[in-house]
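Colleague: Please give me a close look at a single part of this model, beginning with one residue and working outward to the elements around it.

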Amino acid sequence: MSIRLEQLTKRYDHRPVVSNVSLTVERGEFCVLLGPSGSGKSTVLRLIAGLAAADSGRILLEERDLAGVPARERDCGFVFQNYALFRHQTVAENVEFALRVRGVPRAERRRRREELLELVGLAGFGGRRPGQLSGGQQQRVALARALAHQPRVLLLDEPFGALDARIRVELRRSLLRIQRELGVTTLFVTHDQEEAFELADRLAVMAQGRLIEAGPPQELYLRPATEFVATFLGGANLLVGESSRAGVRIGPLELPLASRVEEREVGRRVQVLIRPEDLALRGENEEMNHPLLGVGVVEEVSFVGASERLRLHLPALPRVRVIQPPAGFGSDHLPVDVVRSQHQARRAPLIRGSRVQVGIRRLHALPHPGLGFAVLSGLAAGEPQSAVVETYGGELARLAQARLRRLANAAELESALAAEPIDLLIAGLPADNGAERVEELLALAPCNLLFVRGNRPLPPQRFLLAVAVGEPGKEDVAFAGRLARHLGSPATVLTALPLDASEADRIAAERFLAACVRTLAPLGVAAEPELVRGELLPALDRRLRDRHDLLVLGAPLPDAEGSRRWGRSLRALFEAQHDTPVLVIRGSGRGVA
C-alpha cells in the first residue's frame, strides 16, 4: 500500500509543528524520516495513524483519502519507542490483542501468534510477561503485536531509542529482514543517522516542521541539494564560492566539476561541499595528485575506532565564507575536517602541529539559497514612506542577490513565514511611535528587521555596527557582515563603555572589537573598531550625521511576558528625526539595549 502526503499541516497553540509536508512512499518501500528533535517527524506518524488530526492537507493510502477515517480502520500498525505493552498480559496475549478486538477465531489467533513470535525470534516466550523480558525482547513483542493483524502500513516511532548500541544493531537487521519478507510499506522515525542509512530505501529529512529533501540515502549524502542536508548528514566542509567556466571558484582556487557549467550560470554563488573523507593529506614535500586547497596545520587528532578524525587550520581564502565547520569568532583561518582510515593513519601518522598539504579528491556544488528578504508595507499603508520602503527593499534585494517577497499585511507575513524562512524583513518606520513599531514587529516576526524611514541611497556608504561585547555581539557582526559583503560597504564596529568602566573592561572591549574586524576581513568587509566612553546615544547620533548610512543594533532579550522592549535611550533613537535605516539583528543575545 502506498502512502501519499499532500501539503500536510498541523498546528499546536497556533504554532505549526508540521508545515506543508508532501511525500510519497511507494508500496513495499522502507522510508525513514530523519531530523533533529522537534522537527515534526513523530507528528507526521501520528497524523498518518489517526492519533492526531491534521489542520490541512491530505493523507492517502493507496489513493484512499483518510480524512475522517478512525485510527482502527486505517490498516496501520504502530510501534512506539516505549513499547506500550500491556504489563498484566503475557507475550502471547499482547501479540493477539489486535486480533482479539477484531473477533478473529482463537485457532487463527494462535496460528498467527506463533508465526510472528518465530519471525521476531521469540518462539517459546509466549507465556512470559513483559517484566520478565529485556528491552530488546520487549521491542520485538511490540513489533509482533503491530504486525499481528497484517497491516499494509507499518509505522515505527524511534522504536530502538531506549536500547544500547549492540541491541539496536541486532534489532534493525531483524526489522529489515522482516520488512523485506512481508513486503509491508514502512515509515520509520529516527534521529540516528547510521540507523537511517542502514535501513532506508528512501530517506526524508525534516527540520522545523518542513520536509527539506527526500531521496535515496546515497544520493542525499553525496549530492545534497540544500545546505541543511549537506551539513546535517555526516561530516561536511561547506564553503561559499562561485561558479566558473571550468567548474567552481573558491577565492583564488579554480576547481573542476564533472558536470558542465552553463554560460548563464557563470559567476553565480554556489556552496561547495567537500566530505571529510574526500580530502587527501600529503607531507609538505610530497607530490599531491589532487587539486590543492592549501597547506594546513593539524589542530586536533581523534581516534574513533575504524577511522581517525582531524581538524586542520588553513590560511583563510579571500572573500570566502565558511559555513561548516564554523570558524571561531575572530579567527583568520579556514578550518577543515578530515577523516582517514586507520590504515592511512598508520602509514602516515600525524600529530598536533604537523604541517600537511590538503588536496581535494571529490567535491559537490549545490545552489546557494541566498538570503530571503520580505518587504512589508501594509503596516505603514497610506504613509508617504510606503513607496520608499518598497523601492529600498527591491534595490537592496537586487544588490544582495536575495529572494524577495512583497507582503501587504501581518496576515501575509504569518503565511510567508510558514512557507519558508525569512532572513530579513524590511518595513517602514513612522514619524511618530517608531519604537512601538519596532517592538510590534519583533513580536510578530522571528527574523532580522530593517526599518526604513528616509530615501537613503544604496549601497550604504558605511555600516555602523553598535555591538555589545560578548556572544550577542557576535551574532550581530555575523549577519551584518554577510549583508555588507554583498553591498561592498565598509563598516565601523562601535561599542560603548560607561565612564566608570574598569581597565579590565576596556581591555576586553578592545580585544572583542579586534576580533570583530578579523571576522569581517575574510568576507572582504573593511572594518575599523571604535571604543567610546559614556552614553551610547550621543555617540551614535554624531556618527549618523557623518558618513554612516546604515545602523546595526542587536535586539533586546524578551522579558518574562515574552515582549522585547528597548531601554529608554534606544527608544529615543527610534523616535529621533533621522532618516538612517536601522537593521535590528534578532539573535539569542540582548544586543545593546
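Modeller: Histidine 486 has its place in helix H13; helices (H or I, at least four residues) and strands (E, at least two) are DSSP runs numbered from the N terminus. The model is a predicted one, in which local features need pLDDT of at least 70, side-chain atom pairs count only at pLDDT 80 or more, and totals for chains, interfaces and linings use all residues. Residues are numbered from 1 along each chain as its sequence is written, and side-chain values use heavy atoms, with hydrogens and water left out.

With a relative accessible area of 17%, histidine 486 is buried; that term means under 20% relative accessible area, with exposed over 50% and partly exposed in between (1.4 Å probe, protein chains only). Its side chain and that of arginine 269 are joined by a polar contact of 3.0 Å. Such a contact is a pair of N or O atoms within 3.5 Å; within protein, one must be able to donate a hydrogen and the other to accept it, and residues adjacent in sequence count only if both atoms are side-chain atoms. Leaving aside residues up to four places away in sequence, histidine 486 touches Arg269, Leu371, Leu399 and Ala400, where contact means heavy atoms within 4.5 Å.

Helix H13 covers residues 471–487 and, together with strands S26 and S27, makes a right-handed β-α-β unit. A crossover is right-handed if, with the strands pointing away from the viewer, the path from the first strand over the helix to the second runs clockwise. S26 (residues 463–466) pairs with S27 in the parallel sense over four bridges; two strands pair if DSSP finds at least two bridges between them. In this pairing, phenylalanine 463 of S26 stands opposite alanine 491 in S27.

S27 occupies residues 491–497, and six of its seven residues are buried, so it is largely enclosed by the rest of the structure. S27 also runs parallel to strand S28 (residues 527–533), to which seven bridges join it. Within that pairing, alanine 496 is opposite valine 532 in S28. S27, helix H14 (residues 503–520) and S28 make a right-handed β-α-β unit.

Another parallel arrangement is found around strand S3. All five of the five residues of S3 are buried, so this strand too is largely enclosed by the rest of the structure. Both of its faces are covered, with Phe30, Val32 and Leu34 buried on one side and Cys31 and Leu33 buried on the other. S3 runs parallel to S8, joined to it by five bridges, and leucine 33 has valine 189 in S8 as its bridge partner. S3 also pairs in the parallel sense with strand S9 (residues 202–207) over four bridges; there, cysteine 31 stands opposite arginine 202 in S9.

Helix H5 connects with this region through its packing. The buried residues of H5 pack against strand S3 (30–34), helix H3 (106–119), helix H4 (135–147), strand S7 (153–157), strand S8 (185–190) and helix H6 (193–199). Among those buried residues are Ile167, Arg168, Leu171, Arg172 and Gln179. H5 itself (residues 165–182) has 18 residues and reaches 26 Å from its first C-alpha to its last, close to the 26 Å expected; the expected span is 1.5 Å times one less than the number of residues. Just after H5, glycine 183 takes a positive phi of about 70°.

Antiparallel pairing appears in other sheets. Five strands form an open sheet in the order S15-S20-S16-S17-S19. Its edge strands, S15 (279–283) and S19 (333–341), each pair on one side only. Within this sheet, S16 (residues 292–303) and S17 (residues 307–315) run antiparallel and are joined by six bridges, with valine 298 opposite leucine 312 in S17. A four-strand open sheet with antiparallel pairing has the order S2-S1-S4-S5. Here the edge strands are S2 (15–25) and S5 (64–65), each paired on one side only. S1 (residues 3–12) and S2 pair in the antiparallel sense over seven bridges, and arginine 4 stands opposite threonine 24 in S2.

As for the whole, the protein chain has 16 helices and 30 strands, and 51% of its 593 residues count as buried. Its C-alpha atoms fill a box of roughly 90 × 70 × 55 Å, taken along the principal axes. Among contacts between residues at least 6 apart in sequence, 73% join residues at least 24 apart.
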